[in-house]
Amino acid sequence: MQAYVLRRLLAVVPVLLGLTVIVFLIMTLIPGDPATAILGSYATPENVDRLNKQLGLDKPLVQQYFIWLGNLLQGDFGRSYSLNRPVLDEVMERFSATLILAGTSLLLCTLWGVLIGIWTAARQYGWVDKILTLVVLVGLSVPSFWLGLLLILAFAVQLRWLPASGMFAVYGGGDLADLLKHLVLPAVTLSVVATGVIARLTRSAMLEVLRQDFIRTARAKGVSELKVLYGHAFKAALVTIIPVIGVQAGFVLGGAVYIETVFQWPGVGRMLVQAISQRDILLVQGGVIVVAASYVLFNLLADLAQSWLDPRIKT
Amino acid sequence: MRTAGIKPALALLFRNRLAGLGAIVLSLVVAICLMAPLLPVPDPDVTDPANRLLRPLAKGHLLGTDHLGRDLLARLIWGTLLSLAVGISASIIAAVVGSGIGITAGYFGGRTDNFIMRGVDMLMAFPYILLALAIVAVLGPGLLNALYAVAVVNIPFFARNIRGATVSIAHREFVDAARLSGMGDWRIVWHEILPNVLPVIAIAMSTTVGWMILETAGLSFLGLGSQPPQADLGSMLGEGRKLLISAPHASIVPGAMIFVIVMSINLLGDGVRDALDPRLRSGALSRPAPVTRIERTKIANLAPSDHLLSVNGLATHFEVGERVYKAVGGVDLAINPGECLGIIGESGSGKSVTALSLLGLVASPPGVIKAGSVHLNGEDLLAADYETLRVVRGGKVAYIFQDPLATLHPLYTIGVQLAEAIRCHRPLSAQEAHNEAIDLLSRVQIPNAAARSRNYPHEMSGGMRQRVGIAMALANDPELIIADEPTTALDVTVQAQILALLDGLRHERNLALIFITHDFGVVAQMCDQVAVMYAGRIVETGTTTEILSDPAHPYTARLMQCVPELGGGRRTLMSIPGLPPALDDLPTGCAFAERCDRARNDCSEAPLDLAAITKSRSVRCLYPGEAA
């Protein structure tokens, strides 16, 4: 078990390295002069020259990469020209807001997805199954950014129950209750698609497990149907569900881009969209690396949870 | 091979009403979009500031106008066309490039495969919207760039799926044959591999095209896709959003359109996938109900017997589509405390289904109990409600199954599984139940019971696992144990130990035991009575000594000849020629007649009864005992 955890931890290193390679390659693929692209078309020629030298663009690609990576490892993600502050500071500040939103959504979609999956599997082909399966398909098909707007119209504009945007009220806000109030709509919106994915997967995993011999054994020894479903079948199905929850972390982190824009949530996603419009490439790069790295860690957690659950996983 | 099953697949697709609805809506949308130049709608880009933000149903503007006074209906139609074109192009690009990569990796294998798939895994380590953003960031905002970005981030998905499909056929006979005939690699890929992975590509496309439309619309919504004045649905939504409160229709309408398109694509895609998935067609993905479905048309109304268990006229069918497999076709059994009844027959003879039917454990669907009764201490279990049945299961009647690796839960320790069996029937604390579980383990002669109770099933040997299975059956001191081929999966020495253990327990506790097997050697060692089953019916029953010394039914005689006799060598070991009859097409008369060398014409004419030939023996044969 400990050996497995250690091996799994070590396996993360090449993935993280590969991730930096991809980001680096994408960024060097910028058509035309990178320094101009970074500084924008209004940059003076002196500035472009200086930046080119500063970025080491006169050196070979591999060497450039290692210099760049070395800087990253020292926490130097460069400076955002549009905000005029270190990229890492800005990204980490924004990232905490994204984590709050994405984490809440992940909890919501896991809870609802799993419950809906179990309910529909338990009542396969019954009307509950049919209705919920359709609801799940609606959830998978609805554009989340549009759903967000509809929810704002309904709950913020018409009913005035919840705030339409932001993380805290401008005046007199700032406490936990205020945060939660602001969190409801974006977190729910963000969780809809992932809920659908998890519900579908849970349903099929449960159906797969319910046909296994050990379920018949449980029934044969007199275990009540409720315990057969939630104790025996669900525990076995969880082995296939957990990695998918890990993958959903990626969808939720990525989907946050839309939701943060719709709800003006001060997270990395909204920052990225603004940075792209302003061609602040270093800021984009920093944001992408931090979010992608956190996704890798989410998946690592999912793997560890799976191995903890399933004693058969040892290799 | 490829065309086989397309007809039933199409039938299934059209039977799925939702998929049909999706197809209709989608083709309607596409048709309207394609006719856009011919429709009597205003130019989508002509501004009219005087008539800005008209509400829907305004004169001349069915859906109203936007903030520049442009007609929303016209913009919606043109925007839909653009969104569809972009989404579909993206998915074609992703499919072509991804499939190319996947086929290359899967076909060439080895280092090529390794290198490519590592790269693909790397790309998949990104949350993919983020990757699309990074690409757009580099290429700059624009609809074409958004299209590329969405296509690129979907390539890994295709590559992985198509690689899997390719690997599974890259070494099949027809590919090897092509290679031996001197065909070049690329020709093989084009003529042999590609046609066979096309269905997989089609499924992958049908599941992703909706996503890609959503994603490109999303990028446009963020202002990173189509740039004004050109507008797809996403950018219409993005522009409309700024006026959300004063003119909600400007954002609701294009969003609803995206939703309608994606929903109908997904409905259709689900239909396609279901139609192409053979497991759904066979009903193999059905969930077995907690109790076998019971639709009894005939219930033998008998005077209550004083047997511990008596089964009368039990019939269990499997209903798969329009076919009905008569797995058990009217079985009578009776057993008293302390007795051991053997049920013997080939695989498929209905012995296990009979055993599982007793407590409603036959998987349903497809199993249905069609007739008969099962009386335990005078109570009909087939008429009992679920709770009554649950209490009997593992309480008065317990099962031991064949393969304890598959029949024990893989993620619970055996101690926990035993304790659960106990606590299902008795209100003990967790600690008490655990102690009792350890007790049970030592009673079935598992050494170091306390330590072993913390093992998972996969950590034990087959023999040890079957001891756990027996311990579990004993947990609540049952009156009857049904052992369904408990030793079949074990090697011979372990088998002897398990049989000895069961026999000892039976005498010690005055247990009734129903022992299901295909091995006359085991019957001889364990059972007082035997019932021989063939094609779902008992063909001969009597005491073990009588049947062993003088089998009356030709099938019994043949079955006994299948067993090698230790140290004897007087008999030749024989197998039975022919196959058992198909259970969905049983003959009218004797089911064994086809394979029987004693069969005469009248054997196949009318159904045969199980007729008594002595006080303790019955046989279902017109000419019994002649060859014995």
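## Arg296(B) and its surroundings

In this predicted model, the side chains of Arg296(B) and Asp380(B) are in polar contact at 3.0 Å. The side chain of Arg296(B) also reaches Gly372(B), where the partner is the backbone oxygen, at 2.6 Å. Arg296(B) itself sits in strand β1 of chain B, which covers residues 293–298.

Leaving aside residues up to four places away in sequence, the residues touched by Arg296(B) include the run Ile369(B), Lys370(B), Ala371(B), Gly372(B) and Ser373(B). Asp380(B), Leu382(B) and Ala383(B) are touched by Arg296(B) as well. Two of these neighbours have thus been named above for polar pairs: Asp380(B) through its side chain, and Gly372(B) through its backbone oxygen.

## The interface of chains A and B

The size of an interface is often given as the accessible area lost when the parts come together. Between chain A and chain B the buried area is about 6,800 Å². Carbon and sulfur atoms give 72% of that area. In terms of residues, 79 from chain A are in contact with 76 from chain B.

Polar contacts across the interface amount to 20 residue pairs, with both residues at pLDDT 80 or more. On the chain A side, helix α10 (residues 225–262) gives the most to the surface touching chain B, namely 16 residues. By residue class, the side of chain A that touches chain B divides into 51 nonpolar, 14 polar and 14 charged residues.

## Salt bridges

Over all chains, the structure holds 30 salt bridges. How many salt bridges does the rule find across the interface of chain A and chain B? There are two.

One salt bridge is between Asp270(B) and Arg200(A), with the closest N and O atoms 2.2 Å apart. This pair crosses between chains, linking helix α10 of chain B (residues 249–276), which holds Asp270(B), to helix α8 of chain A (residues 176–210), which holds Arg200(A). Another salt bridge joins the side chains of Lys221(A) and Glu420(B), with an N to O distance of 3.3 Å.

## A nonpolar surface patch on chain B

Chain B carries a nonpolar surface patch of about 660 Å². Its members are Ile88(B), Ile92(B), Ile93(B), Val96(B), Val97(B), Leu139(B), Leu144(B) and Tyr148(B).

Which helices of chain B each supply at least two residues of the patch? They are α3 (72–108) and α6 (143–170). The largest share comes from α3(B), with five residues. Leu139(B), also a member of the patch, is placed in helix α5 of chain B, residues 128–139.

## Overall build of chain A

Chain A has 12 helices and two strands. Read from the N terminus, the order of elements is α-α-α-α-β-β-α-α-α-α-α-α-α-α. The C-alpha trace of chain A spans about 80 × 55 × 35 Å along its principal axes.

## Backbone details in loops

Two backbone features are listed here, one from each chain. In chain A, Asn84(A) has a positive phi near 55°, in a residue other than glycine. Asn84(A) lies in the loop between β1 (79–80) and β2 (85–86) of chain A.

In chain B, the peptide bond joining Pro228(B) and Pro229(B) is cis, with omega about 5°. Pro229(B) is found in the loop that runs between α8 (185–221) and α9 (233–241) of chain B.

Key: Residues are numbered from 1 along each chain as its sequence is written. Chains are lettered from A and ligands numbered from 1 in the order in which they are written. This is a predicted model: local features need pLDDT of at least 70, side-chain atom pairs count only at pLDDT 80 or more; totals for chains, interfaces and linings use all residues. Side-chain values use heavy atoms; hydrogens and water are left out. Helices (H or I, at least four residues) and strands (E, at least two) are DSSP runs, numbered from the N terminus. A polar contact is a pair of N or O atoms within 3.5 Å; within protein, one must be able to donate a hydrogen and the other to accept it, and residues adjacent in sequence count only if both atoms are side-chain atoms. Contact means heavy atoms within 4.5 Å. Buried area is the accessible area (1.4 Å probe) that two parts lose on being put together, summed over both. A salt bridge is a side-chain nitrogen of Lys or Arg within 4 Å of a carboxyl oxygen of Asp or Glu. Ala, Val, Leu, Ile, Met, Phe, Trp, Tyr, Cys and Pro count as nonpolar, Asp, Glu, Lys and Arg as charged, and the others, Gly among them, as polar. Patches are made of residues with over 30% relative accessible area and no salt bridge: like charges are joined within 9 Å, nonpolar side chains (Val, Leu, Ile, Met, Phe, Trp, Tyr) within 5 Å. Accessible areas come from the Shrake-Rupley method with a 1.4 Å probe; for residues, only the protein chains shown count as cover.
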